[in-house]
Amino acid sequence: MVSGELLQFMSRSISGDMIYTSATPNIQLGGFHPSRETIPLSLVHPKNAELDCALLEIGVIVPRPHVHWRVKVNGISVTKEFKPHVTAQLKTGLFAKLVYDITSILKTPEGLRRRRVNVTFKQDGGEHIVIDHIGILALYKSDEAYTDILYLSGALSIEPGEEYSSELRYPGSTGVFRSTVFLPNKYARGSIVIDDRLSIPLEGFQGYDEVVSQLDDISPGVHVKIIHESVFSQRNESFKHIGIQYKIQAH
């Protein structure tokens, strides 16, 4: 059974462009591991453009829903609570996704001078957790581009032979489809199918990877299927999950 879902966090049309930067640190906090860790993300603000919006997404693996932690960005507190927007059940615990608006932090004079964003995690006791994935989506206003952005993020656990479907409300025309995907091992195989006519293969890697595909003449409503294929191998039972977030961008 598929566990979790993808949620829409943004649907915008903007005179400007976007930047997405991410990291997959796979860092353990707490237990017998350090309780504090700072992870830098490269983010160079473009010249002649104004920062309009910035979202921080965090994917973390936890043993149970109750976690005592703190998250800071550039030394400024973002949250002291653990309230995931969505979770997916894994054999080893829960994969949880959290999304925060950090526009006001990055838009300060000091934040705009920085060439990277420091995200600090501190666990206050309890069992260890794993910082699995972090990313920042930033929108910039300018007269040099026009962009339609549809941004979804979430947590999915898809067993072999299962699939997850989502209907995306996109304005149509051409665009770029981007998806950050996790495959548990090199034997895993899947695909992302768009409107039953474009299939993006998911295979040949282990861990996280970003897949990118050009979309041409797409309809205003985009139907997306995320498929985890059954593979007849003893490795089949070790499949864990495919964690996905994706965006569609048109110029």
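When I say contact today, I mean heavy atoms within 4.5 Å of each other. With that in hand, here is the opening number for this predicted model: among contacts in the chain with a separation of 6 or more, 82% are between residues 24 or more positions apart.

Thanks for coming, everyone. Let me start with the overview. The chain has 251 residues, and 52% of them are buried. Its secondary structure comes to 2 helices and 19 strands. The chain exposes about 12,000 Å², and carbon and sulfur atoms supply 47% of that area.

Let's look at the sheets, as we have strands to talk about. One is an open sheet of 4 strands in the order β4-β10-β6-β7, with antiparallel pairing. Which strands stand at the edges? They are β4, residues 36-42, and β7; each has a single partner strand, so one side of each is left without a neighbour in the sheet. On average, and ignoring direction, neighbouring strands here are turned by 30° against each other.

Now walk across that sheet with me. From β4 to β10 there are 7 bridges, and the two strands run antiparallel. If you want a residue to click on, try Ser-42, whose bridge partner in β10 is Arg-116. Moving on, β6 and β10 are joined by 5 bridges, again antiparallel, and here Val-73 stands opposite Val-119 in β10. Then β6 pairs with β7 in the antiparallel sense over 3 bridges, with Thr-79 in β7 as the bridge partner of Val-71.

Please keep an eye on β10, which covers residues 116-123. Of its 8 residues, 6 are buried, so this strand is largely enclosed by the rest of the structure. While you have a strand on screen, here is a handy reminder: in a regular strand the side chains alternate between the two faces of the sheet.

Next, the aromatic rings. How many aromatic pairs does a search of the whole structure find? The search gives 3. One of them is Trp-69 with Phe-82, an edge-to-face pair with 5.1 Å centre to centre and 75° between the planes. This pair links distant parts of the chain: Trp-69 belongs to strand β6, residues 69-73, while Phe-82 sits in the loop between β7 and β8, and the two are 13 residues apart. Are Trp-69 and Phe-82 buried or exposed? Both are buried.

Another pair is Phe-182 with Tyr-208. Their ring centres are 5.0 Å apart and their planes meet at 65°, so this pair is edge-to-face too; the cut-off for that label is over 60 degrees. Phe-182 lies in strand β14, residues 173-183, and Tyr-208 in strand β17, residues 207-218, so the pair ties together parts that are 26 residues apart in sequence. Both of these residues are buried as well. Before we leave the rings, go back to Trp-69 and Phe-82, because ring pairs link them with Phe-121 into a cluster.

There is another open sheet of 4 strands to show you, ordered β13-β18-β15-β16 with antiparallel pairing. Here β13, residues 162-169, and β16, residues 198-202, stand at the edges; each has a single partner strand, so one side of each is left without a neighbour in the sheet. The twist averages 15° from one strand to the next. Between β13 and β18, residues 221-228, there are 8 bridges, and the strands run antiparallel. A residue to find there is Ser-165, which stands opposite Lys-225 in β18.

Now for a buried polar side chain. Glu-57 is located in strand β5, residues 50-62. Its relative accessible area is 1%, so it counts as buried; the limit for that word is under 20%. What does the side chain of Glu-57 meet? A polar contact of 2.5 Å joins it to the side chain of Ser-153.

Last, a couple of asparagines in loops. Asn-26, in the loop between β2 and β3, has a phi near 50°, a positive value in a residue other than glycine. With a relative accessibility of 54%, Asn-26 counts as exposed. Asn-48, in the loop between β4 and β5, also has a positive phi, about 60°, although it is not a glycine. Its relative accessible area is 70%, so Asn-48 is exposed too.

That's my tour, and I'm happy to take questions.

Terms used. Residues are numbered from 1 along each chain as its sequence is written. This is a predicted model: local features need pLDDT of at least 70, side-chain atom pairs count only at pLDDT 80 or more; totals for chains, interfaces and linings use all residues. Side-chain values use heavy atoms; hydrogens and water are left out. Buried means under 20% relative accessible area, exposed over 50%, partly exposed in between (1.4 Å probe, protein chains only). A polar contact is a pair of N or O atoms within 3.5 Å; within protein, one must be able to donate a hydrogen and the other to accept it, and residues adjacent in sequence count only if both atoms are side-chain atoms. Rings of Phe, Tyr and Trp (its six-membered ring) pair if their centres lie within 6.5 Å; planes under 30 degrees apart count as stacked, over 60 as edge-to-face and the rest as tilted. Two strands pair if DSSP finds at least two bridges between them. Axes are lines fitted to C-alpha atoms, for helices over the stretch in contact, and angles run from 0 to 180 degrees between N-to-C directions. Accessible areas come from the Shrake-Rupley method with a 1.4 Å probe; for residues, only the protein chains shown count as cover.
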